[in-house]
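Me: I have a structure to read and do not know where to begin. Please take me through some of its features one at a time.

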Amino acid sequence: MESKDLIIVGAGPAGLTAAIYGLRAGKSVLLIEAKAYGGQIINTPDIENYPGLAHVSGFEFAQALYEQVTSFGGELVYGTAAAVGEESGLKTVTTADGTVYTAKAVILATGAKNRPIGLEREEELIGRGVSYCATCDGMFFRKKTVAVYGGGNTALGDALFLSSICEKVYLIHRRDAFRGSAADLEKLKKCTNVEFVLNSNVTKLIGEEKLTAVEVTDKLSGKRRELEVAGLFVAIGQIPDNTAFAAVADLDKSGYIIADEDCRTKTPGVYTAGDCRTKTVRQLTTAAADGAVAALAASEAM
């Protein structure tokens with residue numbers, strides 16, 4: 001493939017927005033995506049907090065972004081970026097299969113992935129009761145009892161979604177107050193089939209071939225109890241996967257790419273956007289904003 005003006009690693013909302021702005025600036029753009037365009041937003045059944053769109057599914061939103069990119073001439077290839085470097089004055093992106101792509105500038109928009117609890121047999125029970133996506137797997141647990149573990153927006157949204165299809169939902173949180181949306185919390189409090197289990201941690205997964213219960217330990221009393229559940233939906237945050245880019249971008253102690261609102265990394269010509277960078281707020285709007293800022297900065301520097 002011929003060299004491009006701009007390579008964007010990651011085709012989530014930040015990457016797709018960056019592509020739109022780069023293309024509208026008259027630059028040739030290539031997106032490299034490891035899984036599916038749209039990122040984690042495609043698992044969101046109803047987006048209510050994006051300005052100008054009162055209700056839209058995450059899949060519809062991602063599809064509209066992708067179609068906008070391709071209508072402007074953007075290209076997308078699938079692969080996992082393994083390294084970013086420089087050769088003959090151009091930036092290089094090497095994928096896991098050894099393919100090398102070149103461009104004048106690179107935007108790293110790799111997002112973040114779900115954080116595991118770290119319990120014994122957790123990975124073994126994925127798909128057999130343990131899930132990190134309620135909208136993906138929730139229907140498998142229709143009319144059953146499940147638990148959601150977490151206290152942020154994702155956890156509250158998952159609990160709300162599951163309350164509409166499951167017999168009962170335990171919402172387990174390690175604190176006595178939630179970090180997520182106050183509006184969603186009020187909706188959950190009105191759900192008769194949702195039970196709050198606060199100041200507690202999930203400390204054991206129970207079941208042989210599939211999950212049958214979780215052990216929950218009260219942080220204040222140390223008391224343990226078993227909750228019989230068919231499914232556990234883990235929503236305790238996200239972690240980035242940026243180690244492949246450590247040569248061109250400084251990472252903080254949590255692995256996020258260090259960059260301010262200008263989205264510039266330590267390496268000229270390498271930018272970052274979205275949930276993979278250091279920031280206080282990680283929302284759909286901030287991802288889109290990062291994509292615009294990074295693409296405009298990269299285009300102006302060419």
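What follows is a short dialogue on strands, burial and contacts in this predicted model.

Me: Which residues of β2 are buried on each side?

Reply: Go along the strand and sort its residues by face. In β2, V29, L31 and E33 are buried on one side, and L30 and I32 are buried on the other. Five of the five residues of β2 are buried, so the strand is largely enclosed by the rest of the structure.

Me: Which strand is joined to β2 by four bridges, and is the pairing parallel or antiparallel?

Reply: Look for the partner strand, then its direction. Strand β1, residues 4-9, is joined to β2 by four bridges, and the two run parallel. As an example of a bridge, I8 is partnered with L31 in β2.

Me: What is the nearest side chain of opposite charge to the buried E33, and how far away is that side chain?

Reply: For a charged residue, check burial and then the distance to an opposite charge. E33 belongs to strand β2, residues 29-33. E33 is buried but has no salt bridge: K35, the nearest side chain of opposite charge, is 7.4 Å away.

Me: Which backbone nitrogen lies 2.7 Å from a polar atom of the E33 side chain?

Reply: Backbone atoms should be checked as well as side chains. The nitrogen is that of A11, 2.7 Å from a polar atom of the E33 side chain. The backbone nitrogen of K35 also lies 2.8 Å from a polar atom of that side chain. Beyond neighbours within four places in sequence, E33 is in contact with G10, A11, G12, L76, V77, Y78 and G79.

Me: Where is A25 found, and is A25 buried, partly exposed or exposed?

Reply: Place the residue first, then read its accessible area. A25 sits in the loop between α1 (13-24) and β2. Its relative accessible area is 37%, so A25 counts as partly exposed. Sequence distance and spatial distance are separate readings: A25 and L296 are 271 residues apart in sequence, while their C-alpha atoms are 7.6 Å apart in space.

Me: In what order do the strands of the open sheet with β13 lie, and which are the edge strands?

Reply: List the strands in order, then see how many sides of each are paired. The three strands of this open sheet are ordered β12-β13-β14, with antiparallel pairing. The edges are β12 (200-206) and β14 (224-228), each paired on one side only. From one strand to the next, the twist averages 30°.

Me: How many bridges join β12 to β13?

Reply: Count them for that pair of strands. Six bridges join β12 to β13, residues 213-218, and these strands run antiparallel. At residue level, S200 stands opposite D218 in β13.

How values were computed: Residues numbered from 1 in each chain as written. Predicted model: local features only at pLDDT ≥ 70, side-chain atom pairs only at ≥ 80, totals over all residues. Heavy atoms only, no water. Pairing = 2+ DSSP bridges. Axes fitted to C-alpha atoms, helices over the stretch in contact; angles between N-to-C directions. Buried < 20%, exposed > 50% of the residue type's maximum accessible area, 1.4 Å probe, protein only. Lys, Arg positive; Asp, Glu negative; His and termini not counted. Salt bridge = Lys/Arg side-chain N within 4 Å of Asp/Glu carboxyl O. Polar contact = N/O pair within 3.5 Å; in protein donor to acceptor, adjacent residues only side chain to side chain. Contact = heavy atoms within 4.5 Å.
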